[in-house]
Amino acid sequence: MSLDAIDLALLAALQENAMMTAQELSERLHLSPSQAGRRRQRLEAEGYIRGYRADVEPERIGLGVEAFIQIVMATHTEKNALDFVRITKIQREIVGAWTLTGEADYLLRVFCADLGALNRLVQQVLLPHPAVSRVQSQIVMERVKADAPLPVS
């Protein structure tokens with residue numbers, strides 16, 4: 001299914017504020033509330049909208065350290081890769097994980113309470129993994145630009 005200009009405008013609006021009501025969307029998109037609601041439901045059903053969640057301020061809930069961790073694997077077997085990915089999914093501090101091209105194999109985004117918690121994650125969880133060769137952490141000093149909406153057009 002292809003998206004028209006109204007679908008794209010709806011996606012852009014929901015990325016700004018996912019709590020917009022059908023009435024608010026209708027005013028923004030120049031549709032009736034029922035049309036706006038049906039389009040939203042269709043985009044959800046077709047998988048264009050994966051879900052909704054609150055954007056929580058990490059420091060307010062005691063997560064004072066944000067870091068990116070690059071992982072270089074020593075061995076590249078399917079079992080090691082699946083096991084490492086399993087670790088990324090069960091460690092609550094790891095909020096994002098990507099496979100990469102280039103020198104590093106994985107990039108992890110983590111939030112920890114403090115430097116001690118980050119050190120424990122690296123020293124007790126990541127480095128002991130049998131397939132991990134090297135771990136390199138970069139601690140975020142300041143978030144210059146927060147996660148932004150996708151550039152729909």
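**The central strands**

Select V65 and C112. In this predicted model, C112 of strand β3 is the bridge partner of V65. Now widen the selection to strand β1, residues 65-73, and β3. The two strands pair in the antiparallel sense, over seven bridges.

Colour β3, residues 106-112, by burial. Six of its seven residues are buried, so the strand is largely enclosed by the rest of the structure.

Next, add strand β2, residues 94-99. β2 and β3 run antiparallel and are joined by five bridges. Pick A97 to see one position in the pairing: A97 stands opposite L108 in β3. Then follow the chain from β2 to β3. The two strands form a hairpin, with six residues between them. Stop at G102 in the turn, where phi is positive, about 100 degrees.

**E66 in β1**

Go back to β1 and select E66, which has its place in this strand. Is E66 buried or exposed? Its relative accessibility is 10%, and the cut-off for buried is under 20%, so E66 counts as buried.

Show the side chain of R143 as well. The side chains of E66 and R143 make a polar contact at 2.9 Å. Leaving out residues up to four places away in sequence, E66 touches R109, V110, F111, Q138, I139, V140 and R143.

**Helix α5**

Select residues 115-126, helix α5. Start just before the helix, at D114. A side-chain oxygen of D114 reaches to within 3.2 Å of the backbone nitrogen of G116.

Check the length next. The twelve residues of α5 should span 16 Å at 1.5 Å a residue, and the end C-alpha atoms are 15 Å apart, which agrees.

Now show side chains. A117, L118, L121, V122 and L126 are buried in α5. Look down the helix axis: these buried residues fall within an arc of 135 degrees, so they line one face of the helix. Turn to the other side of α5, where L115 and Q124 are exposed.

What covers the buried residues of α5? The cover includes β1, β2 and β3, together with α4 (78-90) and β4 (132-139).

**Two nonpolar cores**

Which residues have the most contacts inside the largest nonpolar core? Select I69, I71, F84, L108, V110, L118 and L126. This core has 19 residues. The elements that give it two or more residues are β1, β3, α5 and β4.

Zoom in on L118. Setting aside its neighbours within four places in sequence, L118 is in contact with V65, A67, I69, V110, C112 and I139. Another core lies apart from this one. It holds eleven residues, among them L11, L14, A36 and I49.

**Helix α3**

Select residues 33-45, helix α3. The helix has 13 residues. From its first C-alpha to its last it reaches 18 Å, close to the 18 Å expected at 1.5 Å a residue.

Pick out A36, G37, R39, R40 and L43, the buried residues of α3. They cover an arc of only 160 degrees around the axis, which puts them on the same side of α3. Their cover includes α1 and α2. Rotate to the face turned away from the buried side to find the exposed residues R38, Q41 and A45.

Stay in α3 for E44. E44 has a relative accessible area of 31%, so it is partly exposed. Add Y52 to the view. The side chains of E44 and Y52 are joined by a polar contact of 2.6 Å. Not counting residues up to four places away in sequence, E44 touches I49 and Y52. Just after α3, select G47, where phi is positive at about 85 degrees.

**Two loop residues**

Move to H30, in the loop between α2 and α3. H30 is not a glycine, yet its phi is positive, about 60 degrees. At 71% relative accessibility, H30 counts as exposed.

Finish at T21, in the loop between α1 (5-16) and α2 (22-29). T21 is partly exposed, with a relative accessible area of 40%. Draw a distance from its C-alpha to that of A36. The two atoms are separated by 9.1 Å, with the residues 15 apart along the chain.

Terms used: Residues are numbered from 1 along each chain as its sequence is written. This is a predicted model: local features need pLDDT of at least 70, side-chain atom pairs count only at pLDDT 80 or more; totals for chains, interfaces and linings use all residues. Side-chain values use heavy atoms; hydrogens and water are left out. Buried means under 20% relative accessible area, exposed over 50%, partly exposed in between (1.4 Å probe, protein chains only). Helices (H or I, at least four residues) and strands (E, at least two) are DSSP runs, numbered from the N terminus. Two strands pair if DSSP finds at least two bridges between them. The expected span of a helix is 1.5 Å times one less than its number of residues. The arc is that of the directions from the helix axis to the C-beta atoms. Contact means heavy atoms within 4.5 Å. A polar contact is a pair of N or O atoms within 3.5 Å; within protein, one must be able to donate a hydrogen and the other to accept it, and residues adjacent in sequence count only if both atoms are side-chain atoms. A nonpolar core is a set of buried Ala, Val, Leu, Ile, Met, Phe, Trp, Tyr and Cys residues joined through side-chain atoms within 4.5 Å.
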